[in-house]
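Work through these exercises with the model open. Each one gives a task, then a stepwise solution.

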Amino acid sequence: TDTTARLDPYLEIAPIDRRIFGGFVEHLGRHIYDGIFEPGHPTADENGFRQDVIDLVRELGVSTIRYPGGNFVSGYRWEDGIGPVDERPRRLDLAWHATETNRIGLHEFQQWLDAVGSDLMLAVNLGTRGTAEALDLLEYANTIVPTAWTERRAANGHPEPFAVKMWCLGNEMDGPWQLGHRNAEDYGKLASRTAKAMRQLDPSIELVACGSSGRTMPTFGSWEREVLQHTFDDVDFISCHAYYQERDGDAQEFLTSGEDMARFIASVVATADHVAAERGSDKRIMISFDEWNVWYLDRWEAQQKQYGADEWPIAPRQLEDSYSALDAVVFGDLMITLLQHADRVRSASLAQLVNVIAPIMTEPGGPTWRQTTFFPFSLTSRLAQGRAVRVPVTAGTVPSARFGDVAAVNAVATIDNDGATLFLVNRSVSDAATVRVDLSPLGAAGLAVVEAHLLHEDDLAAANTLEDTDRVGIRRADARVTDAELTVALPPVSWAAIRLG
Ligand code: AHR
C-alpha cells in the first residue's frame with residue numbers, strides 16, 4: 001500500500017536522553033557466570049571477562065546498565081560481593097532458585113563496565129532489607145570522606161568513589177513473586193523514607209520508584225498513584241516494565257505490541273501528572289522504562305525446571321530465549337515507541353544483555369553471537385542522535401483484537417547537526433508498504449540517503465543460533481531521495497533505519 005509521511009523539524013518531541021539506550025545485567029542464569037565472566041575462555045582478559053562479549057556490548061551501544069537485579073536484588077546482600085574473593089559467602093538466590101557464589105560483586109562489575117564503556121545504575125534491596133542497608137551501599141559507592149565504609153572500599157582496591165548517579169528503590173515490589181512484596185502504601189512509605197535518607201547523604205543522585213511490573217497487573221494505575229502520593233517529592237522517575245511475546249501463533253496481534261507500550265506510557269504519564277495536579281505541582285516525574293523486551297515468559301513458566309529442595313545449581317541455563325526475525329521487528333517497533341515518548345521516557349533498560357533474554361549469546365569455551373534483536377538496538381543507539389521528532393504517517397491499518405485498528409506503519413525520526421534518521425516499521429503480516437516521506441519542511445536541498453538498513457526475512461521464524469550464528473542480519477533497504485521526497489520500500493513485517501545527510 002501507498003503510505004505518506006512528513007519529516008518536519010517543528011514536530012519536535014524532545015532532545016534524546018542517551019540513557020534510553022540502557023541495558024540490564026542481573027545475577028541470573030548464565031548472564032554473569034559463563035556469560036560475561038568466563039576466566040577459562042580463550043578471549044578472557046586478566047579479570048576473567050570475555051573480550052569477545054565486551055566487544056559486542058560496545059558494538060551494541062548501551063549507555064547505562066542497571067545492576068544487580070531484577071528479582072535477584074530483593075534478596076541480595078551487597079556486602080557479600082566485596083572483599084577478598086575466596087572469603088565471599090555462597091548464598092541461596094531464592095528468586096531464581098540458584099546458588100550465588102558472589103565471585104562477581106560491585107568492584108568486578110565496575111571493572112567490566114569500564115571495559116564496555118557504560119555507566120552503572122544500581123538497584124537497592126527493599127525486599128528483605130531497608131533504609132539502613134541502602135544507606136550503607138550509597139556511602140560505600142559514592143562518598144569521598146574517610147569513613148568505615150569508604151576505607152573498606154579503598155582497602156578493596158577502589159579509593160575513588162564509584163559515583164553512581166541513578167538508583168532504583170527496589171524492584172517490582174507490586175509483584176506477589178517478589179521477595180518482600182508489599183502493597184502500594186507500605187512500599188510508598190518505605191521508598192519515601194529511603195529516598196529522603198539517601199538524598200541526605202548524597203543530594204546529587206537520581207531516584208527511581210517502582211511502578212507496576214506490567215500494565216496487566218491488577219493494581220496497575222492505583223499502584224502508581226499511591227506510590228507517587230508518598231514519594232512525589234522524593235523521586236525523579238517511576239519505572240515501567242513490559243515484556244511481549246507472540247501468543248497462539250498470532251503474529252499480527254504480536255506486531256501491535258508497540259501500541260500496547262504507547263498506551264502503557266500514556267497511562268503512567270497521566271497518573272503521575274494527576275498526582276502533580278493534586279499537589280498543585282509543576283514537577284514532572286519521568287519514566288524509567290527499566291525492563292523491556294520480547295520474552296517468552298509463558299513458555300518459560302511452562303517448561304521451568306522443578307528443582308528438588310536440595311538442588312540449587314550455579315549459573316543454570318535459564319531464560320535463554322532465541323529471537324526470530326519477527327521478534328526483532330516487534331523489538332524495533334518498541335524502540336520507535338520509546339523514542340516517540342522521549343519527552344517523558346528519559347531512561348530505559350533493555351532486559352537483559354547476555355544469554356538471559358538477551359541480544360548477545362555465548363557458549364562456554366565457544367563463540368558469542370548476535371541475536372536478531374541485536375540489530376535494531378545497535379542501529380537505533382548509533383543513529384538516533386540529537387532530538388526526537390514526530391513523524392505523522394497516513395497509513396492503512398492492521399486489525400488487533402485488543403486495540404481495534406492500529407496503524408500499519410509506525411515511524412519516528414531524529415534530527416542532529418549532521419542530518420536526520422528515520423526509523424520505520426511495517427506491522428502488516430500481509431501487505432508491503434511504499435512509504436513516501438515529504439522532506440521539504442527540513443529544507444531538504446542536497447539531502448541524500450547515506451545509510452539504509454532493513455531487517456526482514458521471508459521466514460519470520462529465522463533466527464541466529466549456535467549452529468548458524470549469522471543466519472539473520474541487516475540488508476540494504478530500498479530507499480532513495482528524489483525532489484525532496486524519500487521513498488522507502490517496506491516488505492511485510494519489516495523494520496528499517498534510513499540515515500539522511
Ligand atoms: O528480567 C527478568 C525478570 O523480569 C526480572 O528479574 C524481574 O524484575 C522481571 O520480572
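**Exercise 1. Which residues surround the ligand, and how do they divide by class?**

Step 1. Note that this is a predicted model.
Step 2. List the shell. The ligand is surrounded by Glu-26, Gly-69, Gly-70, Asn-71, Asn-171, Glu-172, Ser-213, Glu-291, Ala-351 and Gln-352.
Step 3. Sort by class. The shell has one nonpolar, six polar and three charged residues. Gly counts as polar here.

**Exercise 2. Check the length of helix 5, then find what covers its buried residues.**

Step 1. Helix 5 covers residues 184–201, which is 18 residues.
Step 2. At 1.5 Å a residue, the helix should span 26 Å. The rise is multiplied by one less than the number of residues.
Step 3. The end C-alpha atoms lie 25 Å apart, which agrees with the expected span.
Step 4. Pick out the buried positions. Among them are Ala-184, Tyr-187, Gly-188, Leu-190 and Ala-191. Ser-192, Thr-194, Ala-195 and Met-198 are buried as well.
Step 5. Look at the cover. It includes helix 3 (131–142), strand 8 (166–169), strand 9 (206–209) and helix 6 (222–231).

**Exercise 3. Trace the five-stranded open sheet and locate its edges.**

Step 1. Read the strand order: 16-1-21-25-24, with mixed pairing.
Step 2. Find the edges. Strand 16 (393–394) and strand 24 (479–482) each pair on one side only.
Step 3. Follow one edge inward. Strand 24 pairs with strand 25 (residues 485–490) in the antiparallel sense, over four bridges.
Step 4. Match a pair across the strands. Arg-480 stands opposite Thr-487 in strand 25.

Note on methods:
Residues numbered from 1 in each chain as written. Predicted model: local features only at pLDDT ≥ 70, side-chain atom pairs only at ≥ 80, totals over all residues. Helix = DSSP H or I, 4+ residues; strand = E, 2+ residues; numbered from the N terminus. Buried ≥ 20, exposed ≤ 12 C-beta atoms within 10 Å, placed from the backbone. Contact = placed C-beta atoms within 7 Å. Near = placed C-beta within 6 Å. Pairing = 2+ DSSP bridges.
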